[in-house]
Amino acid sequence: MTGQRSDARRNYQRILAVAEAEVAAHGAEASQEQIARIAGVGSATVRRHFPTRRALLEAVFQERIEGLCERAHRLHTTENSRTALLEWLHAFVQYAVSARGFAHILSYEPPTEEPSPSSCGSRIEAAGTPLLQRAIRDKAVAPHITFHDLLTLAVGIALATEHHKDPATQADRLFRLAVEGLSPEQGGAGVPGDA
């Protein structure tokens with residue numbers, strides 16, 4: 001029995017390592033059959049560990065999601081709430097651009113589907129919402145802004161720049177445009193990376 005559990009753990013780790021490489025190469029459309037083939041297991045074994053594509057992708061992104069959540073918690077101590085929110089949102093956009101497939105798992109959840117509290121989207125929302133609420137309380141951000149607005153903005157930028165020749169630079173440009181607005185008199189006060 002113990003041997004079976006250790007085999008299952010090894011299979012899980014092998015599948016996850018292969019999945020990380022395949023998602024990095026092919027994005028959210030990475031083939032589960034190809035992952036099984038490279039990992040040296042059957043498709044049924046992959047599906048036993050990861051019953052859905054979403055479950056597989058969330059496992060692939062788990063460590064980075066934890067990093068984004070930790071960063072949000074650290075930024076709670078930043079004096080300027082607008083700066084804290086924009087720094088975290090900028091890091092979120094950068095990650096969504098650099099991690100192929102990540103934006104796809106956040107791009108749309110049908111309204112009838114209740115996301116699990118441990119899903120990527122739920123964890124990011126739980127980490128980022130306090131930063132947004134604090135910035136709204138401080139009147140540093142408009143009161144009608146919701147976390148889902150910010151999530152849609154980040155995902156939209158990541159998806160829009162995915163096939164650009166320099167996605168990180170283009171994403172940064174679009175992020176600044178979204179933060180600064182279209183009016184030159186608004187300026188970029190508090191945009192991460194400003195000199």
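Modeller: First, a definition: rings of Phe, Tyr and Trp pair if their centres lie within 6.5 Å. For Trp, the six-membered ring counts. The model is predicted.

Biologist: Which residues do ring pairs link into a cluster?
Modeller: The structure holds seven aromatic pairs. Ring pairs join several rings into a cluster. The members are F61, W88, F92, Y95, F102 and F147.

Biologist: Take F61 and F102. What kind of aromatic pair do they form?
Modeller: Their ring centres are 5.2 Å apart. The planes meet at 70 degrees. Planes over 60 degrees apart count as edge-to-face, so the pair of F61 and F102 is edge-to-face.

Biologist: How many residues apart in sequence are the parts that this pair ties together?
Modeller: F61 lies in helix α4. F102 lies in helix α6, residues 102–107. The pair therefore ties together parts whose separation in sequence is 41 residues.

Biologist: Are F61 and F102 buried or exposed?
Modeller: The cut-off for burial is under 20% relative accessible area. F61 falls in that class, and F102 does too. Both F61 and F102 are buried.

Biologist: Y95 is in the cluster as well. Which residues does Y95 touch, leaving out those up to four places away in sequence?
Modeller: Y95 is found in helix α5. With a relative accessible area of 8%, Y95 is buried. Its contacts, counted that way, are F61, R64, L68 and F102.

Biologist: How far apart are the C-alpha atoms of Y95 and L68?
Modeller: Y95 touches L68. Along the chain, 27 residues separate Y95 and L68. In space, their C-alpha atoms are separated by 8.7 Å.

Biologist: Now the helices. What is the secondary structure of the chain?
Modeller: From the N terminus on, the elements run α-α-α-α-α-α-α-α-α. There are zero strands. The helices come to nine.

Biologist: How do α4 and α7 lie, roughly parallel or roughly antiparallel?
Modeller: Helix α4 covers residues 53–75 and helix α7 residues 120–137. Their axes come within 9 Å and cross at roughly 15 degrees. Angles under 35 degrees count as roughly parallel. That makes α4 and α7 roughly parallel.

Biologist: Which way does α4 pass α7, left-handed or right-handed, and how many charged residues does the contact have?
Modeller: The crossing is left-handed. From α4 come E58, Q62, I65, E66, C69, A72 and L75; from α7 come C120, R123, I124, A127, L131 and R134. By class, eight residues are nonpolar and one is polar. The charged ones number four.

Biologist: At what angle do α5 and α8 cross?
Modeller: Helix α5 spans residues 81–98. Its axis and that of α8 come within 9 Å. The crossing is right-handed. The angle is roughly 35 degrees.

Biologist: How many nonpolar residues are in that contact of α5 with α8?
Modeller: The α5 side uses L85, W88, L89, F92, V93, A96 and V97. The α8 side uses F147, L150, L151, L153, A154, I157, A158 and T161. One residue is polar and none is charged. The nonpolar count is 14.

Biologist: And α8 with α9: which residues of α9 make the contact?
Modeller: The axes of α8 and α9 are 9 Å apart, at an angle of about 145 degrees. The crossing is right-handed. By class, seven residues of the contact are nonpolar, two polar and none charged. L153, I157 and T161 of α8 meet P167, Q170, A171, L174, F175 and A178.

Biologist: R176 carries a charged side chain. Is R176 buried or exposed?
Modeller: R176 is found in helix α9, residues 167–180. Its relative accessible area is 18%. Buried means under 20%, so R176 is buried.

Biologist: How far is R176 from H90 in space?
Modeller: The two are 86 residues apart in sequence. The distance in space runs C-alpha to C-alpha. For R176 and H90 it is 9.1 Å.

Biologist: Which value does phi take in K139?
Modeller: K139 lies in the loop between α7 and α8. At 74% relative accessibility, K139 counts as exposed. Its phi is positive, in a residue other than glycine. The value is near 60 degrees.

Biologist: Last, what share of the contacts with a separation of 6 or more comes from residues 24 or more positions apart?
Modeller: The chain has 195 residues, and buried ones make up 39%. Among contacts with a separation of 6 or more, residues 24 or more positions apart account for 62%.

Notes: Residues are numbered from 1 along each chain as its sequence is written. This is a predicted model: local features need pLDDT of at least 70, side-chain atom pairs count only at pLDDT 80 or more; totals for chains, interfaces and linings use all residues. Side-chain values use heavy atoms; hydrogens and water are left out. Axes are lines fitted to C-alpha atoms, for helices over the stretch in contact, and angles run from 0 to 180 degrees between N-to-C directions. Helices (H or I, at least four residues) and strands (E, at least two) are DSSP runs, numbered from the N terminus. Angles under 35 degrees count as roughly parallel, over 145 as roughly antiparallel, 65 to 115 as roughly perpendicular and the rest as oblique. A crossing is left-handed if the near helix is turned anticlockwise from the far one by less than a right angle, and right-handed if clockwise. Contact means heavy atoms within 4.5 Å. Rings of Phe, Tyr and Trp (its six-membered ring) pair if their centres lie within 6.5 Å; planes under 30 degrees apart count as stacked, over 60 as edge-to-face and the rest as tilted. Buried means under 20% relative accessible area, exposed over 50%, partly exposed in between (1.4 Å probe, protein chains only).
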